[in-house]
Each structure stands twice: as C-alpha cells, then as structure tokens.
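Reader: Could you take me through the salt bridges here, one pair at a time, and tell me how each partner sits with respect to the surface?

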Amino acid sequence: MTLLTIEHLDVALGGQRILEEVHLTLERGEIVTIVGPNGSGKTTLLRSIIGSLPPSRGSISKAPGLTIGYVPQRLHLDATLPMTVSRLMGLPRRHSAREIEQALARAGVTEHANRQVSDLSGGQFQRVLLARALLESPGLLILDEATQGLDHRGTADFYRQLEQVRQELGCGVLMVSHELHVVMRTSDRVICLNRSICCAGTPERVAASPEYRAMFGHDSQDALALYRHHHAPTPLELSS
Amino acid sequence: MILDDFLVRAALAGVGVALAAAPLGCFVVWRRMAFFGDATAHAAILGVALSLVLSTSIFAGVLVVSLLMALIVSLLNGKGYAMDTLLGVMAHSALAFGLVAVSFVSGIRIDLMAYLFGDILAVGKVDLAIIWGGAALVVALMGWRWSRLLTSTLNTDLAHASGIDPRREQLILTLSLAVVVAVALKVVGVLLIAALLLIPAAAARPFSRTPEAMALLAAAIGTASTLGGLQAAYWFDTPTGPTIVSLAATLFALSSLAAHLRLKASRALASAGGRH
C-alpha cells in the first residue's frame with residue numbers, strides 16, 4: 001500500500017526556492033532515508049510532508065486516515081513550561097498509564113517517567129520523543145536526524161528499535177540522517193537530495209552512483225566500505 | 001440579597017477575572033506573549049473613548065477594539081517585523097490615541113482613573129454578569145482546546161504532524177485575550193491587566209511539575225491576591241486594583257525566593273552526599 005505520494009513538489013521559503021521538482025513515493029513497511037549536504041532541503045521536505053510548509057507547486061498526497069509520528073531534529077522546551085516525561089507522552093492525546101509505561105520501556109527510559117523533560121540529556125529526550133511518536137501507532141514515522149545526541153551504543157539501540165517497530169507496526173519510515181554507514185545498512189531505499197533528488201535507489205546503487213560520491217567525497221567511500229563489510233558473509237557462513 | 005453588598009460583588013468580580021486569567025496567563029508566559037497582552041490591554045482605552053463617543057456599552061467597545069488590536073498583531077506576526085518593536089509601537093500608540101480621543105469627548109465627565117486602574121468597588125450586578133459570562137467563556141474555551149493549545153505551544157511541527165493547526169490555536173488565544181481584557185477592565189484597569197495575567201502564572205511556575213498544575217496554582221494565587229488585595233485596600237484605604245497587583249507581586253517575590261532557597265538546599269545536599 002502506498003502511504004505517501006509526492007509529485008512535482010516545489011517549496012519556497014522567504015522567496016527562495018528550497019525544493020524543486022521532488023518526486024517521492026513511500027510504501028507500507030519501507031524504510032527510506034534522505035541524505036544530502038547541509039541546506040539541501042531535507043528538513044524542509046519533512047516539514048512539507050507533515051503540513052507545516054505549504055507547497056508552492058505540486059502535490060503531497062497521503063493514504064486516507066494516515067497517522068504520522070514525527071520526531072523533530074531539535075525540540076526546544078521553554079523553561080517556563082513545566083512538563084514531566086509522562087505528561088509529554090500524553091500530548092496531544094491522552095493514553096493510559098500502562099500504555100505510556102510500555103512505550104517508555106520500549107525506548108529504554110522507564111526510570112525517567114516522572115522527571116522534568118528539561119532535566120533529560122539530549123539522548124534521553126530523543127528516545128522519549130521517539131516513544132511518544134510510537135504511542136499513536138503511526139502508519140508513517142518521520143524522523144529528522146533522530147539519533148542526534150545519542151552515543152554509539154544509543155544509536156545502535158535506536159536503529160534496532162526502529163527495525164522492531166517496523167516489523168510490529170508495519171509502518172513506513174522516512175528519515176533524514178547524516179550517519180552514512182548506518183543509513184546504508186538500515187534503509188531499503190536511499191534518496192540523495194540537493195534541492196531536487198539527484199539520485200535514489202537501493203543503498204548499494206546510490207553508494208555507487210557518481211552523484212553521491214561527488215556529494216560526500218571520502219565519506220562515501222568509508223560508508224560503502226562499511227556497508228560491504230557488513231554484508232560480507234562471515235567465515236562460518238562460507239564454510240557451512 | 002448577598003449581591004447587594006458592594007464588597008461581595010467586588011470579590012466575586014475579582015475572583016471571576018482571576019480564574020479566567022490563570023490558564024490564559026500560563027499560555028502568555030509559555031509563549032512569551034507578555035507584550036502582546038500589554039498591547040491588547042492598552043488598546044482598550046481607545047475602546048472606552050469610542051464607546052463614549054458612540055454611546056454604546058463600554059464592554060462592547062473595549063471588546064471590539066481589543067479584538068481588532070489582537071487580530072492586527074496576530075496578522076503582522078511572522079511577517080518579518082521585529083515583534084517587540086512592533087508591539088511596543090502598537091501598545092503605546094493605542095494608549096496615546098485613546099487618551100487623546102477621550103479628551104475630545106466633551107460634555108461627559110469621565111473618571112479616566114477608573115479606566116486606567118479599574119474601579120472594582122463600583123461593579124454592579126450587570127457588570128458581574130458580564131464578567132462571569134466572559135470568564136466562563138474563556139475557561140470553557142481553554143478547557144476544550146487545552147491539549148491542542150499545549151501541543152502547539154510545545155512545537156508547531158509536532159502540532160502539524162498530529163493534525164493540529166497552530167495558527168487556529170493562536171487565534172483562540174488571541175480571542176480569549178481580548179475577552180479577558182474586556183472583562184478585567186473594570187477590575188484592574190488597562191494598565192494592570194497584563195500584570196494580572198502574568199504574575200500569578202509566573203509565581204506558580206517554580207512549584208508546578210505539569211502545565212495543569214501550573215494553571216490551577218495560578219488560579220489559586222490569583223484568587224488569593226484578589227481577595228487579600230480587596231481586604232488590604234479596605235484596611236489601608238489604598239486604590240484596589242493596584243493593591244491586588246501589589247499583593248500578587250509580593251507572592252511572586254516570595255515564590256521566587258522559596259524556589260531559590262530550595263535549589264540551594266538541594267545543591268548543598270547533593271555536594272554533601274557526594275563527599276561521603
């Protein structure tokens with residue numbers, strides 16, 4: 001089932017065209033990652049999809065009744081706003097205490113339920129935001145550099161959880177990430193964005209494309225090496 | 001009848017305004033709309049002048065002008081103006097134009113002080129009905145939209161993703177603000193309305209763990225300030241509106257001090273614990 005179809009999308013911000021002629025479709029159960037240099041319009045694309053930015057041309061159509069779980073790149077909580085973790089989980093829709101507890105447990109942050117959100121570390125806050133997005137059992141999960149502020153272990157846990165969520169909920173996942181090596185490993189499809197889509201396809205195809213290499217230079221070589229490394233059969237598998 | 005006592009009417013009027021101002025005041029604090037509240041309130045004096053000229057009810061005149069002011073500011077918001085400059089210009093020019101307009105109204109003796117600082121002791125039964133009607137409307141509106149308002153305040157992108165239109169929620173706050181200004185005019189006057197919105201909410205902040213707790217505590221502090229201020233004004237023979245706000249400010253100072261001491265104590269405890 002197609003969750004999202006974007007056609008001929010142009011988005012302008014303050015008179016400047018940020019996105020041009022973007023086409024994108026996303027199927028149920030698919031993990032699609034958007035990569036691209038700073039200022040290439042990645043966040044703008046995500047914000048257009050959730051409805052924060054109106055397209056200046058083209059269309060964004062979503063499957064009827066599609067619920068979106070969204071984890072923003074940064075969330076600044078005003079110091080004047082008191083907010084416990086469990087209260088944040090119930091915004092905008094209330095959930096039972098048990099559901100909230102389960103969601104926090106899945107994200108590995110149960111012990112923080114009664115803490116103030118402002119007291120959390122960046123990584124803890126990011127996990128809470130993911131847990132909150134998952135509470136709605138979204139059909140489409142949109143993540144904007146969701147592993148920012150997580151350490152190596154946290155990032156690994158995060159992607160493991162993502163994989164699990166995709167299997168449990170069968171939701172589509174659209175994310176922006178800078179961690180090329182992880183992207184290559186976890187995504188079904190990669191989209192290389194620089195104002196418009198310059199290349200797209202399976203991770204391996206994108207990693208091999210000249211556009212991608214031109215954009216990321218040496219990083220792309222490393223990522224590809226890691227990707228290949230990960231997918232190479234282990235000696236045990238070879239012998240059996 | 002108990003409402004025949006002017007002090008009872010004053011107390012009820014004050015409590016009505018305090019209850020409506022509490023949840024709205026919290027949003028004013030969270031969204032940093034303090035100056036916005038000021039601009040809307042200061043425009044009220046223009047509303048007073050216009051309703052005197054057109055001989056309509058003061059409440060209606062103030063409501064219309066406050067609404068217009070709030071809508072203009074909302075529209076200009078995010079259009080590339082420096083917001084604090086714009087609001088400063090709007091607030092004080094509205095006040096100045098209002099004062100000039102009032103001076104043109106000849107033949108009618110106007111107690112300008114009553115509009116600048118309020119005249120809670122002169123609240124009649126009709127005023128009381130308007131105040132409680134307006135307050136009930138605002139409280140009901142806040143209660144109905146609470147989750148959506150909170151989510152929009154938290155982050156507009158999160159709101160959009162959940163199918164909430166943050167601009168609509170902003171408009172609801174703007175309308176509520178105009179209603180509170182209109183009903184609070186008689187109680188504290190245009191110069192102190194913003195204080196009644198801000199101070200109880202700010203005083204409640206250090207002792208609140210959730211948004212709901214902050215709104216309830218702000219309502220309690222606002223009510224206590226109103227009743228205590230009325231009593232104090234009676235004892236010391238001081239103007240009522242300013243006395244109410246002074247008491248609220250005192251509670252704010254005490255709350256800030258308590259929060260500061262609590263923080264110091266917890267730090268001392270933490271460092272003592274660390275040494276062992």
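Author: Happy to! A definition helps before we start: a residue counts as buried under 20% relative accessible area, as exposed over 50%, and as partly exposed in between. Please keep in mind that this is a predicted model.

Let us begin in chain B. B:Asp165 pairs with B:Arg167 in a salt bridge whose closest N and O atoms are 3.8 Å apart. That separation qualifies because the cut-off is within 4 Å. With a relative accessible area of 25%, B:Asp165 is partly exposed, while its partner B:Arg167 is exposed at 67%.

Chain A offers a network as well: salt bridges with shared partners link A:Asp10, A:Arg17, A:Glu20, A:Glu21, A:Arg57 and A:Arg195 together. Over all chains, the whole structure holds 17 salt bridges.

One of the pairs in chain A joins A:Arg189 to A:Glu30, with 2.8 Å from N to O. A:Arg189 belongs to strand S8 (residues 189-194), and A:Glu30 sits in the loop between strand S2 (16-27) and strand S3 (31-35), so this contact ties together parts of chain A that are 159 residues apart in sequence. As for the surface, A:Arg189 is partly exposed, at a relative accessible area of 22%. A:Glu30, at 14%, is buried, because its value falls under 20%.

A second pair in chain A brings A:Glu136 and A:Arg93 together, at 3.0 Å from N to O. Here both partners come from loops: A:Glu136 from the one between helix H4 (122-135) and strand S6 (140-144), A:Arg93 from the one between helix H2 (85-89) and helix H3 (97-106), so the bridge ties together parts that are 43 residues apart in sequence. A:Glu136 is partly exposed, with a relative accessible area of 24%, and A:Arg93 is partly exposed too, at 41%.

To set the chain B pair in context, it helps to look at the annotated spans of that chain. An unreviewed UniProt entry places the feature "transmembrane region" at several spans of chain B, including residues 120-144 and 171-201. Residues 171-201 are 87% helix and 0% strand, and their end C-alpha atoms lie 21 Å apart. Another span in that record is residues 42-73 of chain B; this one is 88% helix and 0% strand, with its end C-alpha atoms 13 Å apart.

How values were computed. Residues are numbered from 1 along each chain as its sequence is written. Chains are lettered from A and ligands numbered from 1 in the order in which they are written. This is a predicted model: local features need pLDDT of at least 70, side-chain atom pairs count only at pLDDT 80 or more; totals for chains, interfaces and linings use all residues. Side-chain values use heavy atoms; hydrogens and water are left out. UniProt positions are given in the numbering used here, feature names are shortened, and annotations may be inferred rather than shown by experiment. Helices (H or I, at least four residues) and strands (E, at least two) are DSSP runs, numbered from the N terminus. A salt bridge is a side-chain nitrogen of Lys or Arg within 4 Å of a carboxyl oxygen of Asp or Glu. Buried means under 20% relative accessible area, exposed over 50%, partly exposed in between (1.4 Å probe, protein chains only).
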